[in-house]
Amino acid sequence: MDIQIFKTKDDLNKAFTDRLKEVISKKDIVTIALSGGSTPKSLFDDWAQLPEGEINWKKVKLFWGDERCVPPSDDESNYKMTKEHLFDFVPVPEENIFRIQGENDPESEAERYGGLLNRELGTTNGVPSFDILMLGMGDDGHTASIFPHEIKLWDNPDNCVTAIHPVSGQKRVSLSGKVINAAKNVFFMVTGENKAEKVKEIIEQPDSAKEKYPAALVQPESGSLHWFLDREAAKLLPRPTSPS
Ligand code: 6PG
């Protein structure tokens, strides 16, 4: 588990982007599962402003780790957020964008997307395996759309599951734990003071955290787990392990 703590979001986004470019440079095609919510917005804005060609988007196939069960035009849509902060500015070929169709029936969409992953991705031990899986974490310790009250979804045998937001009741489609942990590289991007308590618990007391928080169950078989934290999210850790 590699933990990097950054003074500013800009520093964090730059380091994250450098890791992305490093992975892209080694492969002809790179498969990336994007996270949603608000944390990625500034990262996508940075990618949108990179000099043309700095990221060869023709080499990148983009998926999502989860999606809200709403139409792509809805402000709640992770796809819409990504379009507004990234796709409207960079030349990602349409055929490289694999949207979770939030407008569909959730159960059918989970099945459809799970099958798509089997077709589009290489596998690790028979499980579809992303080159890069980008994750965020909620202040309740959820990741993707697997929430603490439904932590048992983590071990679902399917590639994708349907979930329910514990407060809003909003339906979600999410990768299951087995697909998350089959990723070659997992990049956790967590910022903000409201995440600090769970960050501390998950990093310092992983065994008890694994009982309660889906984010603590992210342990890719590849061993390539990278936490990108800002100082606020890391404020309760004893000291920066690798200050940046
Ligand atoms: C989503 C995300 C979710 C997100 C966390 C953190 O659909 O909301 O995929 O897992 O990463 O909830 O969200 P923020 O970045 O908004 O804090």
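**Exercise 1. The ligand site**

Task: Which of the 14 residues around the ligand come nearest, and which side chains place an N or O atom by a ligand oxygen?

Solution: Among the 14 residues around the ligand, those that come nearest are Thr39, Asp66, His142, Ala144 and Lys195, where a residue is counted if one of its heavy atoms lies within 4 Å of the molecule. This is a predicted model, in which local features need pLDDT of at least 70 and side-chain atom pairs count only at pLDDT 80 or more, while totals for chains, interfaces and linings use all residues. Residues are numbered from 1 along each chain as its sequence is written, and side-chain values use heavy atoms, with hydrogens and water left out.

The next step is to look at individual atoms, taking a polar contact as a pair of N or O atoms within 3.5 Å; within protein, one must be able to donate a hydrogen and the other to accept it, and residues adjacent in sequence count only if both atoms are side-chain atoms. The side chain of Arg68 has an N or O atom 2.7 Å from an oxygen atom of the ligand, and the side chain of His142 likewise has an N or O atom 2.7 Å from a ligand oxygen. For Asn78, a polar side-chain atom lies 2.9 Å from an oxygen atom of the ligand. Of the 410 Å² of accessible area that the ligand has on its own, the protein covers 88%, by the Shrake-Rupley method with a 1.4 Å probe, only the protein chains shown counting as cover for residues.

**Exercise 2. Asp66 and Ala144**

Task: Is Asp66 buried or exposed, and with which side chain does Asp66 share a polar contact of 2.6 Å?

Solution: Asp66 is placed in strand E4 (residues 66-68); helices (H or I, at least four residues) and strands (E, at least two) are DSSP runs, numbered from the N terminus. Because its relative accessible area is 6%, Asp66 is buried, the term standing for under 20% relative accessible area, with exposed over 50% and partly exposed in between (1.4 Å probe, protein chains only). The side chain of Asp66 is joined to that of Ser145 by the 2.6 Å polar contact. Setting aside neighbours within four places in sequence, the contacts of Asp66 (heavy atoms within 4.5 Å) include Asn78, Ala144, Ser145 and Arg172.

Ala144 lies in the loop between strand E7 (132-135) and strand E8 (160-164), and is buried, with a relative accessible area of 12%. The phi of Ala144 is near 45°, a positive value in a residue other than glycine. Most residues other than glycine have a negative phi.

**Exercise 3. Helix H3**

Task: How many of the 10 residues in helix H3 are buried, and what covers them?

Solution: Helix H3 (residues 78-87) is mostly covered, with 8 of its 10 residues buried. Those buried residues are Asn78, Tyr79, Lys80, Met81, Thr82, His85, Leu86 and Phe87. Their cover includes strand E2 (30-34), helix H2 (40-49), strand E3 (60-64) and E4. At the N-terminal end, Ser77 caps H3 through a side-chain oxygen that lies 3.1 Å from the backbone nitrogen of Tyr79.

**Exercise 4. The nonpolar core**

Task: Which members of the largest nonpolar core touch the most other members, and which helix supplies the largest share?

Solution: A nonpolar core is a set of buried Ala, Val, Leu, Ile, Met, Phe, Trp, Tyr and Cys residues joined through side-chain atoms within 4.5 Å. The largest one has 79 residues, of which Trp47, Leu117, Phe130, Trp227 and Leu229 touch the most other members. Helix H1 (residues 9-25) gives the largest share of this core, 6 residues. Within H1, the buried residues include Leu12, Phe16, Leu20, Val23 and Ile24.

Among the contacts of Trp227, not counting residues up to four places away in sequence, are Met1, Met137, Phe188 and Ile202. Ala215, in the loop between H7 and strand E11 (225-230), is buried, with a relative accessible area of 1%. With the same sequence exclusion, Ala215 touches Met137, Gly141, His142, Thr143, Phe188 and Ile202.

**Exercise 5. Two loop residues**

Task: Which is the setting, buried or exposed, of Asn125 and of Ala182?

Solution: Asn125 lies in the loop between strand E5 (123-124) and strand E6 (127-128), and counts as exposed because its relative accessibility is 71%. Ala182, in the loop between helix H5 (177-180) and strand E10 (186-190), counts as buried at 3% relative accessibility. Leaving aside neighbours within four places in sequence, Ala182 is in contact with Thr124, Val127, Pro128, Ser129 and Glu221.
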